[in-house]
Amino acid sequence: MKIAFFDTKPYDRPAFDSRSESSGIQFKYFEAKLNEDTVDLARGYDGVCVFVNDTVNANVIDRLADMGIRLLALRCAGFNNVDMKHAKGRLHVVRVPAYSPYAVAEHTMALLLTSIRRIHKAYLRSRDFNFSLNGLTGFDLHGKTVGVIGTGRIGRVFIDICRGFGMKVLAYDKYPTPGLDNGDTVRYVDTDELFANSDIISLHCPLTDETHHIIGAKALEKCKKGVVILNTSRGSLVDAEALLAGIKSRKVGAACLDVYEEEADLFFEDNSGHIMEDDILARLISMPNVLVTSHQAFLTEEALENIAETTVNNIRQFFAEGRCENELCYRRGDVEDCKDGKCF
Ligand code: NAI
């Protein structure tokens with residue numbers, strides 16, 4: 001099997017290379033992202049492998065299908081960059097449903113602690129032998145309330161971490177996890193109650209039409225003054241313009257973003273020698289109480305190994321059995337797991 005691997009970074013290759021020979025899968029690594037301009041690179045391959053910022057829209061899907069490509073292997077969990085409705089009947093889409101919920105949840109806590117204890121400021125100061133403490137006052141997490149939107153794999157690990165800090169949890173999920181609400185330290189509530197009572201809000205739900213801009217001007221109005229917003233899920237869950245306004249008005253106390261609405265053309269690349277065209281991102285980054293990391297929450301050795309292991313197994317299983325337990329399928333107006341490949 002020959003797989004065209006798009007948006008390759010140096011840290012992707014070792015885990016896939018070490019599995020290539022034993023799996024009989026040859027990966028051709030392209031640095032380019034998959035999109036309408038680059039899709040022809042996939043000609044002659046059996047499948048394509050993409051990540052979060054590749055563009056798999058209707059046109060790209062049609063052209064892949066015209067080339068006889070049957071498999072799109074996402075080496076990530078989220079699939080908001082794929083037109084799943086259009087893929088139905090044209091392309092089988094498989095993914096890595098979980099690679100390390102710990103990686104993302106731990107990064108979320110790392111961002112929170114860095115932000116509220118001003119570690120990013122202290123690090124820079126001490127490198128300049130500036131040991132002044134002025135302006136570095138933080139606050140205890142113990143006893144604070146964190147609102148967690150999305151209580152799936154990552155959200156639940158994040159909740160466990162927060163409970164370890166002695167925090168109270170208000171949770172919201174379209175499909176609550178049975179047994180998680182203990183009526184005391186963890187309670188499911190509606191979003192209005194969550195917004196009104198949370199000191200910190202962390203997003204761990206997928207990006208869908210329903211969750212698009214779940215943190216926007218209206219939601220922020222309902223929040224406590226000084227709320228800390230954490231987004232390590234998908235950029236468009238947060239209306240970046242509304243967030244910036246919230247920071248300027250002092251309604252938002254701090255924001256930690258591992259993802260950004262318009263990240264696709266920026267993140268994962270070194271733009272340090274370029275003029276930043278995105279004024280909202282530039283303004284957010286200029287704020288002392290905003291931390292931005294470039295979609296790196298997943299980036300641990302364990303996660304990279306798990307991504308490669310599951311992706312290789314997905315490709316192997318699909319070509320051997322014509323089905324894959326990690327296949328996604330669009331049906332009944334939603335995207336669901338399709339373990340038997342029969343709904344194609
Ligand atoms: P999951 O599928 O285990 O959990 C998602 C949860 O969101 C589920 O409990 C689901 O019921 C809930 N949900 C669905 N629709 C909702 C809605 N309208 N409102 C509220 N909750 C809703 O997914 P997992 O593994 O926990 O990942 C969560 C998200 O984290 C992914 O969708 C992805 O966007 C993001 N992610 C980010 C990474 C990074 O490097 N920054 C890496 C991996 C995932």
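Begin at the ligand by selecting Phe-298, where a backbone N or O atom lies 3.1 Å from an oxygen atom of the ligand. The model on display is a predicted one.

**The ligand site**

Keep the ligand in view and add Asp-258, which places a polar side-chain atom 3.0 Å from a nitrogen atom of the ligand. Next add Arg-234; here a polar side-chain atom lies 3.3 Å from an oxygen atom of the ligand. To widen the selection, display the 23 residues that surround the ligand. The closest of them are Arg-153, Ile-154, Asp-173, Thr-232 and Asp-258.

**The parallel sheet**

Now select the strands E6 to E12. These 7 strands form an open sheet, in which the order is E8-E7-E6-E9-E10-E11-E12 and the pairing is parallel. Which strands stand at the edges? They are E8 (186-188) and E12 (290-292); each has a single partner strand, so one side of each is left without a neighbour in the sheet. Ignoring direction, neighbouring strands of this sheet are turned by 15 degrees against each other on average.

Within this sheet, zoom in on E9 (residues 200-203) and E10 (residues 227-231), a pair joined in the parallel sense over 4 bridges. Selecting Ile-200 and Val-228 shows one such match: Val-228, in E10, is the bridge partner of Ile-200.

**Helices H9 and H10**

Add helix H9 to the view. H9 lies across E10, E11 (252-257) and E12, and runs at about 140 degrees to E11. Then select H9 as residues 240-248 together with H10 as residues 279-286: the two helices pack at an angle of about 35 degrees, with their axes 10 Å apart. The crossing in which H9 passes H10 is left-handed.

To see the side chains involved, display Ala-240, Glu-241, Leu-243, Leu-244, Ile-247 and Lys-248 from H9, which meet Ile-280, Arg-283 and Leu-284 from H10. By class, this contact has 6 nonpolar and 3 charged residues, with no polar ones.

**The mixed sheet**

Move to the other set of strands, E1 to E5 with E13 and E14. They make an open sheet of 7 strands in the order E2-E1-E3-E4-E5-E13-E14, and the pairing is mixed. At its edges are E2 (26-29) and E14, each of which pairs on one side only. With direction ignored, neighbouring strands here are turned by 30 degrees against each other on average.

Start at the E2 edge. E1 (residues 2-5) pairs with E2 in the parallel sense over 4 bridges, and Ile-3 stands opposite Phe-27 in E2. Helix H1 (residues 13-23) packs on the sheet at this point, touching E1 and E2, and the direction of H1 makes about 150 degrees with that of E2. Next select helix H11 (residues 301-321), which lies across E1, E2, E3 (47-50), E4 (71-74) and E5 (92-94). The helix runs at about 160 degrees to E4.

**The hairpin**

Finish with E13 (residues 327-331) and E14 (residues 334-337). How do these two strands run, parallel or antiparallel? They run antiparallel and are joined by 4 bridges. Tyr-330 stands opposite Val-335 in E14. The two strands form a hairpin with 2 residues between them. As a last selection, take Arg-332 in the turn, which has a positive phi of about 45 degrees.

Conventions. Residues numbered from 1 in each chain as written. Predicted model: local features only at pLDDT ≥ 70, side-chain atom pairs only at ≥ 80, totals over all residues. Heavy atoms only, no water. Axes fitted to C-alpha atoms, helices over the stretch in contact; angles between N-to-C directions. Left-handed = near helix turned anticlockwise from the far one by under 90°. Contact = heavy atoms within 4.5 Å. Nonpolar A, V, L, I, M, F, W, Y, C, P; charged D, E, K, R; others polar. Pairing = 2+ DSSP bridges. Near = heavy atom within 4 Å. Polar contact = N/O pair within 3.5 Å; in protein donor to acceptor, adjacent residues only side chain to side chain.
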